[in-house]
Amino acid sequence: IGLGVMLFFGFLLNVLRIPLDWRIFLGLGVLILIVKFYLDYQKNKTIIPKFNLNLYSILMLILFAITLYMYVGGAFAYPYLEDDDSWSHAMSVKYISVEKTVFTGKEVLFHYIDPYPPAYDMLLGIVHQTNDSVYWTLKFFNALIISLSIIFFYYFVKVFSNSSKKAFFSALALFAIPAYLSHFIWAIALTMPLFFVAFYCTEKIKDDGKWWIVAALVIMPTVTSSPTHSTYFGLFFIVYFAARWIAER
């Protein structure tokens, strides 16, 4: 959820002409935690959240670790960026990290920002400010985001089916798909994981109506991170609602 909300606020800050600086995002994140801890303390609630890890959750985390090891190991097995997409993203990411904006103006043109949906390069441009290697930033964080799909998908299916066993089987099926995103550096590596987060937040609305706000914040960057997969997201959303309607009846 934080991944999607971070992108939403990134767009908002950019429109307000506030620099996309990693310290601003860190400050906002810490402030939200402090406010939440204070409100929980005032209501005598447990400040430290409880994490319920059962056998299937642990097995799912093992799948995530294996996936991350595979993608990171493969990405760094050779000392270069493999195609024109990655080189184009590298230029955009470096520009955003230095200029702290996704707006380029007429004098500077990049293939993957302005007017291309800039969510992917904006995210990597912000995290690139924390290290000095655009090469390492693209390879590692691209692999990390793809691998997080295992966790995102597991929790979506868990809340959808109300079964940890079914959720693990679904995560295992995703883990076993050889063609799932691979290690290619492109915006789809961000869009697809956000699919599962958006579905999870939408599914939680049935438990608490206020989840529609969170769902909206996550769906916004999901449909603005890739020109093609925004359409696919709409189609998947139709399939999701159809499956939910059938399951409820």
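**Two helices and two loop residues**

Me: Is the crossing of H4 and H5 left-handed or right-handed?
Reply: The crossing of these two helices, H4 and H5, has a defined hand, and it is right-handed. The model is predicted, and in it the hand of the H4 and H5 crossing is right-handed.

Me: Which residues of H5 make the contact?
Reply: Both helices contribute. H4 brings His89, Ser92, Val93, Lys94, Ile96 and Ser97. From H5 come Tyr120, Asp121, Met122, Leu124, Gly125 and His128.

Me: How many residues of the contact of H4 with H5 are charged?
Reply: The contact is mixed, with five nonpolar and five polar residues. The charged ones number two.

Me: What word describes how H4 lies to H5?
Reply: Two packed helices are described by the angle between their axes and the distance between the axes. Here the H4 and H5 axes are 8 Å apart, at an angle of about 55°. Angles from 35 to under 65 degrees fall outside the parallel and perpendicular ranges. So H4 to H5 is oblique.

Me: Where is Lys100 found, and is Lys100 buried or partly exposed?
Reply: Lys100 sits in the loop between helix H4 (84-99) and helix H5 (119-128). Its relative accessibility is 23%. Buried means under 20%, and exposed means over 50%. So Lys100 is partly exposed.

Me: What is the phi of Arg17?
Reply: Arg17 lies in the loop between helix H1 (2-15) and helix H2 (22-42). Most residues other than glycine have a negative phi. Arg17 is not a glycine, yet its phi is positive, at about 65°.

Key: Residues are numbered from 1 along each chain as its sequence is written. This is a predicted model: local features need pLDDT of at least 70, side-chain atom pairs count only at pLDDT 80 or more; totals for chains, interfaces and linings use all residues. Side-chain values use heavy atoms; hydrogens and water are left out. Helices (H or I, at least four residues) and strands (E, at least two) are DSSP runs, numbered from the N terminus. Buried means under 20% relative accessible area, exposed over 50%, partly exposed in between (1.4 Å probe, protein chains only). Axes are lines fitted to C-alpha atoms, for helices over the stretch in contact, and angles run from 0 to 180 degrees between N-to-C directions. Angles under 35 degrees count as roughly parallel, over 145 as roughly antiparallel, 65 to 115 as roughly perpendicular and the rest as oblique. A crossing is left-handed if the near helix is turned anticlockwise from the far one by less than a right angle, and right-handed if clockwise. Contact means heavy atoms within 4.5 Å. Ala, Val, Leu, Ile, Met, Phe, Trp, Tyr, Cys and Pro count as nonpolar, Asp, Glu, Lys and Arg as charged, and the others, Gly among them, as polar.
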